[in-house]
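Morning, everyone. Please bring up the model on your screens. I'll take the pocket, then the sheet.

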Amino acid sequence: MYISDNCLVLKQAPLVPKQPSRVTSRCAVVAMHAAFAAFIPAVPPKRIKPFPMVQCIMDGNFRWGCRRGGDWRRGHEEGVSALRRVVKFCRRDGVKALTVYAFSTENWERSHEEVGFLMRLMERTLDMEVPELRSQGVRVSFAGNRAALPESLQRVMSRVEEQTANNSDLILCVCLSYGGQQDIIQAVRQICLEVQQGKLAPDQVTEKSLSERLSTYMTRMLVGEPDLLIRTSGEQRLSNFLLWECAYTELYFTPTCWPDFDFRDWQDAMLHYASRRRRYGGRSKQGNGQTDD
């Protein structure tokens, strides 16, 4: 542990231990937390530069609910509260866009009861959150196959997009009925159709032309490509999320289930990102003029 630029840096340990050992006295725990809290800055530390876009795979809601009384519905409801917290963290730390995996194409395979509950929860939440989102300057957009969603939810989505369109502090992109492979396929089909119609020549098909036809394009056009992907609940895979977009994204995995994701978890993810060197296939120069191996 050392202190740099008024920031507490821990090596091989989370920022704040969540479950101290039973042999640690209560007084020691209180003193330790107080000492750590003194070094949690009110603004992002200098060594953590603001960056444009964060992605979240909000995993672990169902398991969280089942472990706490067996009610998986509560897990999904608490997941909404976690998303509210993360939106505030993003605004506080200068993140310009947050993309979240709310419902995947594979999630349609879940039970009819759970799918119906999730559709109603999303519709109710979006409808209720509009005043707060507008007051916080959050612009909401959506990615995925809208046609597969209930018509009532589609109407709410359109209304939310319209009512938050002029906000610019943070873009919240919600992926609903979304799959990375499926999104690439629909983009390729669109390109094939344009080539067939003579609107696009085969030699005009580029990475850029395909990227522009993905359902996430609006967010990336305004902010840039993804910087950091956070996945909760201990799983360490992309699960068909933003497969094209995350080509050079830094990945961060935490065992914390999404409903429990709090400021300490967020800060750990930010410190992880700050420790990375992003070379995009090239080599970055060190202070002595040498390049990385």
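**Pocket and sheet**

Let's start with helix H4. It gives the largest share of the lining of the largest pocket: 8 residues. Bear in mind that this is a predicted model.

How big is that pocket? Its volume is about 920 Å³. The lining runs to 38 residues, and the closest to the centre are Met58, Asn61, Tyr101, Ala102 and Trp258.

Which elements supply at least two lining residues each? Helix H2 (61–67), helix H3 (72–93) and helix H4 (112–135) do, along with strand S4 (97–104) and strand S6 (170–178).

For those of you thinking about chemistry, the lining splits into 19 nonpolar, 9 polar and 10 charged residues.

Now the sheet. It is open, has 6 strands, and pairs in parallel. Read across, the order is S5-S6-S4-S3-S7-S8. Which strands sit at the edges? Strand S5 (138–143) and strand S8 (250–253), each pairing on one side only. On average, neighbouring strands are turned by 20 degrees against each other, ignoring direction.

Zoom in on one pair. Strand S3, residues 53–57, runs parallel to strand S7, residues 228–231, with 4 bridges between them. Pick glutamine 55: its bridge partner in S7 is leucine 229.

Last item: helix H3 packs on this sheet. H3 touches S4, S5 and S6, and its direction makes about 160 degrees with that of S4. Both H3 and S4 also appear among the elements that supply at least two residues to the pocket lining.

How values were computed
Residues numbered from 1 in each chain as written. Predicted model: local features only at pLDDT ≥ 70, side-chain atom pairs only at ≥ 80, totals over all residues. Heavy atoms only, no water. 1 Å grid on protein atoms, 1.4 Å probe; cavity = no way out; pocket = protein on both sides within 12 Å on 5 of 7 lines; lining within 4 Å. Points joined across faces, edges and corners; volume = space filled by probe spheres on them. Nonpolar A, V, L, I, M, F, W, Y, C, P; charged D, E, K, R; others polar. Pairing = 2+ DSSP bridges. Axes fitted to C-alpha atoms, helices over the stretch in contact; angles between N-to-C directions. Contact = heavy atoms within 4.5 Å.
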